[in-house]
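Biologist: I should be grateful for a close look at a single part of this protein, followed by an account of its surroundings.

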Amino acid sequence: MEPGKEGLAPPSWRKQEEGKGDKPYGVLAYLEMLETQAHQEAVEQEKREQQKEKLAMLKARVRKLRLQRDKLREKVDLQEKQQPGKEGVVPDPAHPIAPRDVVEWRIRNLQALLQLFYLTGISGKPTRRGVCFSLSTAYEGTYLDSYHLELCTNPQVQILRHSIPVFIPLEQISKKYLQTDIRRFLSLLSDHLNAYAGRRHQAEQLEEHFSDQIEGALQRNSLYNLLIFNYNIPRNAQTFPFQARLLYGDPCCSLPTEVTVSCTPDAPASLVETAASHSEMFRCVALHKAFQSFNPLDVTS
C-alpha cells in the first residue's frame, strides 16, 4: 500500500460496504410492504366474514318469514272453509246457517276486497243486491277512463250491469275466475282495461302531436292491438317515408310484441338501418315518446 493512502479501501471493498449499508433499509421497506398487505388482507377477510354472517342472517330471516307466511295461509284457508256457505263445510243440524248470515259474510268479504284494491285503481261500494266496482285506468301517471261493474252476491256471484267495452273478454274472464277467485277476476280485468286504455292513449297522442309526420289515416282495430301507419322523417327539405306495423300480442300489455318498420325497396342502406332502429324503439318505448326521440339528423341519404 502506498504511503499516505492507508485509510482508503479498494474500490471493490467500498462497493461491498455500500451494499451492506443499503441492505438493511431495503429489508425494512419490504417488511413494511408485507405488513401493509397482511393488514389489507385481514381487513378484506373480516369484510367477507361479516358479509357471510349478514347473508346467513338474511337467509334465516327469509326462512322464518316464509314459515310465518305458510302458517298464515293455513289459518286463512281454515277460516274460509269454516265460513258459512263454503263448500266442504258440513252444517250442524242443531245450529242451521241462516241465509242472512251467508249474505252478511259475503258482504264482509267484498268490503275487504274494496280495501285491498283501493290503491290499485279499483274501488267500490256495497249496494242493496251486492257491490258496484269502479275500475279506473291510467297510463304513465295520466288518468284516462273509468269503467263500472255491478255484481250480485246472492244466491251466487253474477254480473248485473257493466260498462266494460264489448271487445274486452269479460265473459271469458268471469267464467274462469268470478265464482272461484274474485280477486283474480278483478285484477285480470283491470289489467286488460289498463292495457287497452294505454294503447289507445298512445295512438291518440301520436295523431294529435305528430300529424305532420303521419301520412294518411292511422289504421287500428277497436282493441287497438294492431296499428298500421305510414310516416316520414324530414331532413334537408326532403322526406324519407316509412311504414310501421305494430302488433300487441299480449292483451294485458301496452307495448307491442311484434314490430315491422319498412322503407321503399330502393332505399339506401342508411334508411334500412334507421328502420331497424325505429322498430326496436317501438318495442321498448311508448309510441308518441318514440317519435319524440327520433332525430332527423340520424337519417342520411
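Biologist: In which helix does V27 lie?

Modeller: The model is a predicted one. V27 lies in helix α1, which spans residues 11-82. With a relative accessible area of 41%, V27 is partly exposed, because that value falls between the 20% limit for buried residues and the 50% limit for exposed ones. V27 also belongs to a nonpolar patch on the surface, together with L28, Y30, L31, M33 and L34. The accessible area of these residues together is about 550 Å².

Nonpolar residues may also be considered in the interior. The largest nonpolar core has 47 residues, and F185, L189, F229, Y231, L246, F282 and F291 are those with the most contacts inside it. Helix α4, residues 182-209, gives the most to this core, with nine residues. As for Y231, its contacts beyond four places in sequence include F240, P241, F242 and A244, as well as V261, H278, F282, F291 and F294. Q213, I214 and E215 are also touched by Y231.

Helix α4 has a further role in the packing of helix α3. The buried residues of α3 (residues 170-177) are L170, I173, S174 and Y177. They lie on the same side of α3 because they cover an arc of only 100° around the axis. In general, an α-helix has 3.6 residues a turn, so residues three or four places apart point the same way. The buried residues of α3 pack against α4 and against β4, residues 158-162. On the face turned away from this buried side, α3 carries the exposed residues E171, Q172, K175 and K176.

Technical notes: Residues numbered from 1 in each chain as written. Predicted model: local features only at pLDDT ≥ 70, side-chain atom pairs only at ≥ 80, totals over all residues. Heavy atoms only, no water. Patch = residues over 30% accessible without salt bridge, like charges linked within 9 Å, V, L, I, M, F, W, Y side chains within 5 Å. Areas by Shrake-Rupley, 256 points an atom, 1.4 Å probe, with all protein chains shown as cover. Salt bridge = Lys/Arg side-chain N within 4 Å of Asp/Glu carboxyl O. Helix = DSSP H or I, 4+ residues; strand = E, 2+ residues; numbered from the N terminus. Buried < 20%, exposed > 50% of the residue type's maximum accessible area, 1.4 Å probe, protein only. Core = buried A, V, L, I, M, F, W, Y, C linked by side-chain atoms within 4.5 Å. Contact = heavy atoms within 4.5 Å. Arc of directions from axis to C-beta.
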